[in-house]
Structures are given as C-alpha cells and as structure tokens.
Amino acid sequence: MSTIKAVYPGSFDPVTFGHIDVIKRAAKMFDEVTVCVLYNKAKTSSLFSVNERVKMLKDVTKDIPNVKVDSYYGLLIDYAKMTGAHVSIRGLRAVTDFEYELQIAQTNKLLSAGALDTIFLTTSLEYAYLSSSAVKEIACFGGDISQCVPPEIEELVKKKYAARAVAHKNK
Ligand code: ADP
C-alpha cells in the first residue's frame with residue numbers, strides 16, 4: 001500500500017498550541033505529515049528566522065513519530081510535487097479565515113492541475129482565538145502567553161523581546 005503524505009504549510013512565527021493541535025490531529029489521519037515553514041513574502045517582519053522556527057517545530061513535535069519538519073523557499077505546489085505530498089493541511093478558526101484559505105486552496109488546486117488538494121481542520125474551540133500574531137502582540141507588552149504556547153517556546157519568545165528591548169535602548 002502506498003504512503004499517504006500530507007504537508008502542513010505555514011509561517012509558524014512562533015508555533016502555538018493551535019498549530020500543535022492541528023499537527024497532532026493530522027498525524028492521526030495521514031501516514032506522514034511534514035510541517036513546512038514557507039518563506040512568506042507578505043510577512044516581512046518576522047520575529048523568528050525560518051531556521052529558528054524549524055528548530056522550535058522539531059522540538060515540539062519530537063514525540064510524534066510520523067511528523068517531519070522542513071522549510072521551503074518557493075511555491076507550496078512545487079514543494080508538494082518534489083516530496084510526493086498530495087494533501088495540504090490548513091486550519092480554520094473563524095469565518096474570517098475562510099475566504100483567504102479558500103482562495104489559497106483553489107489556487108493550489110489549479111496550479112497543480114488537481115494534484116494537490118487541501119483538507120481543512122477546524123480549530124479546537126479552546127484555540128479558536130489563538131494566532132501567532134496575538135502571541136506576539138501579548139508578549140511584546142510583557143503579557144502572559146503561557147496558555148498560548150508550550151513553556152520552551154514561551155522562553156524563546158520572551159528572550160527575543162528582551163533582546164529587542166536592549167537593542168532599542170542602546171540605539
Ligand atoms: P499563515 O500560513 O497564514 O502564515 P500560520 O503560520 O499562523 O498562518 O498558520 C498556519 C495554518 O495554521 C493556517 O492554516 C492557520 O489558519 C492555521 N492555524 C493557526 N492558528 C490556528 C488555531 N489556533 N487553530 C487552528 N488552526 C490554526
């Protein structure tokens with residue numbers, strides 16, 4: 001029997017409990033899930049480098065055997081073709097996500113001539129309002145993000161903002 005490979009693309013800047021929930025659920029559905037950090041041209045002001053994000057994702061998924069982590073500079077459809085993935089996983093939180101996600105899914109299907117389909121996983125209710133942007137907004141002003149990200153990620157986010165504050169002071 002052939003292996004069913006899925007790819008979960010995104011920015012993951014940083015990975016949150018919402019992403020981890022989607023990863024765990026996808027890992028139960030597919031033989032292999034690759035979480036792929038894509039370079040996103042629209043998001044120019046990232047907190048973490050792509051390599052740092054890959055490292056964080058590897059750390060939080062280390063106990064899920066069929067999950068791999070990778071990064072790619074290019075189109076998702078090209079990455080999927082190269083790795084033999086036929087399914088893209090995306091998460092849906094609210095209606096506001098829907099229009100954007102539908103557009104991406106349909107574009108990918110068209111560009112890949114039907115080879116790459118998208119499967120949406122609806123968010124678990126407790127993570128419905130959770131996003132990487134919210135985590136950054138809260139952490140930037142010293143708020144508590146312990147309910148949003150695992151402790152090791154919380155530590156790294158805090159360190160980033162502490163370093164930024166020092167750099168800003170020394171300007
Ligand atoms: P993007 O790919 O738009 O840069 P992210 O990297 O933040 O966004 O997220 C990757 C995917 O994970 C997207 O499909 C997004 O909708 C989904 N996602 C993000 N946060 C959650 C959450 N709390 N629950 C479910 N899905 C989520």
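In this predicted model, glycine 142 counts as exposed, with a relative accessibility of 64%, and its place is in the loop between helices H5 and H6. Although glycine 142 and alanine 162 are 20 residues apart in sequence, their C-alpha atoms are 9.5 Å apart in space.

The helix on one side of this loop, H6, runs through residues 151–169 and has 19 residues. From its first C-alpha to its last, H6 reaches 27 Å, which is close to the 27 Å expected at 1.5 Å a residue. The buried residues of H6 are Ile153, Glu154, Val157 and Tyr161. Seen down the axis of H6, these buried residues fall within an arc of 105°, and therefore they line one face of the helix. What covers the buried residues of H6 includes helix H2 (50–60) and helix H5 (132–140), whereas the face turned away from the buried side carries the exposed residues Pro151, Lys159 and Lys169.

A second helix, H3 (76–83), can be described in a similar way. Its buried residues are Leu76, Ile77, Tyr79 and Ala80. When H3 is seen down its axis, the buried residues fall within an arc of 160°, so they line one face of the helix. These buried residues pack against strands S1, S2, S3 (67–72) and S4, and also against helix H4. On the face of H3 that is turned away from its buried side, the exposed residues are Lys81 and Met82. H3 is followed by glycine 84, whose phi is positive, with a value near 80°.

Attention now turns to the backbone of particular loop residues. In the loop between S1 and H1, which is the place of phenylalanine 12 and of proline 14, two features of the backbone stand out. Phi of phenylalanine 12 is near 50°, a positive value in a residue other than glycine, and phenylalanine 12 is buried, with a relative accessible area of 2%. The peptide bond from aspartate 13 to proline 14 is cis, with omega near 5°. A positive phi in a residue other than glycine is also found at alanine 113, where the value is near 50°. Alanine 113 lies in the loop between H4 and strand S5 (117–122). Phenylalanine 12 has a relative accessible area under 20%, the cut-off for a buried residue, while alanine 113, at 74%, is over the 50% required of an exposed one, so the former is buried and the latter is exposed.

The empty space in the structure was examined next. Rolling a probe the size of a water molecule over the atoms shows where empty space is left. The largest pocket has a volume of about 1,200 Å³. This pocket is lined by 44 residues, of which the closest to its centre are Gly10, Ser11, Asn40, Arg90 and Tyr100. Several elements each supply at least two residues of the lining, namely strand S1 (5–10), helix H1 (17–29), H2, H3, strand S4 (87–92), helix H4 (95–111) and H5. Among the contributors to the lining of the largest pocket, H4 gives the most, with eight residues. By residue type, the lining of the largest pocket divides into 18 nonpolar, 17 polar and nine charged residues.

Apart from pockets, a search of the whole structure finds one cavity of 30 Å³ or more. The largest cavity has a volume of about 30 Å³, and its lining is made up of Lys5, Ala6, Val7, Glu32, Thr34, Thr83 and Ala85. The elements that give two or more residues to this lining are S1 and strand S2 (32–38), and S1 gives the most, with three residues. The residues of the lining of the largest cavity divide into three nonpolar, two polar and two charged.

Taken by element, S1 supplies at least two residues to the lining of the largest pocket and gives three residues to the lining of the largest cavity, and S1 is also among the elements against which the buried residues of H3 pack. H4, which gives eight residues to the lining of the largest pocket, is likewise among the elements that the buried residues of H3 pack against. H2 and H5 are included in what covers the buried residues of H6, and each of these two helices supplies at least two residues of the lining of the largest pocket.

Methods. Residues numbered from 1 in each chain as written. Predicted model: local features only at pLDDT ≥ 70, side-chain atom pairs only at ≥ 80, totals over all residues. Heavy atoms only, no water. Helix = DSSP H or I, 4+ residues; strand = E, 2+ residues; numbered from the N terminus. Expected span 1.5 Å × (residues − 1). Buried < 20%, exposed > 50% of the residue type's maximum accessible area, 1.4 Å probe, protein only. Arc of directions from axis to C-beta. Contact = heavy atoms within 4.5 Å. 1 Å grid on protein atoms, 1.4 Å probe; cavity = no way out; pocket = protein on both sides within 12 Å on 5 of 7 lines; lining within 4 Å. Points joined across faces, edges and corners; volume = space filled by probe spheres on them. Nonpolar A, V, L, I, M, F, W, Y, C, P; charged D, E, K, R; others polar.
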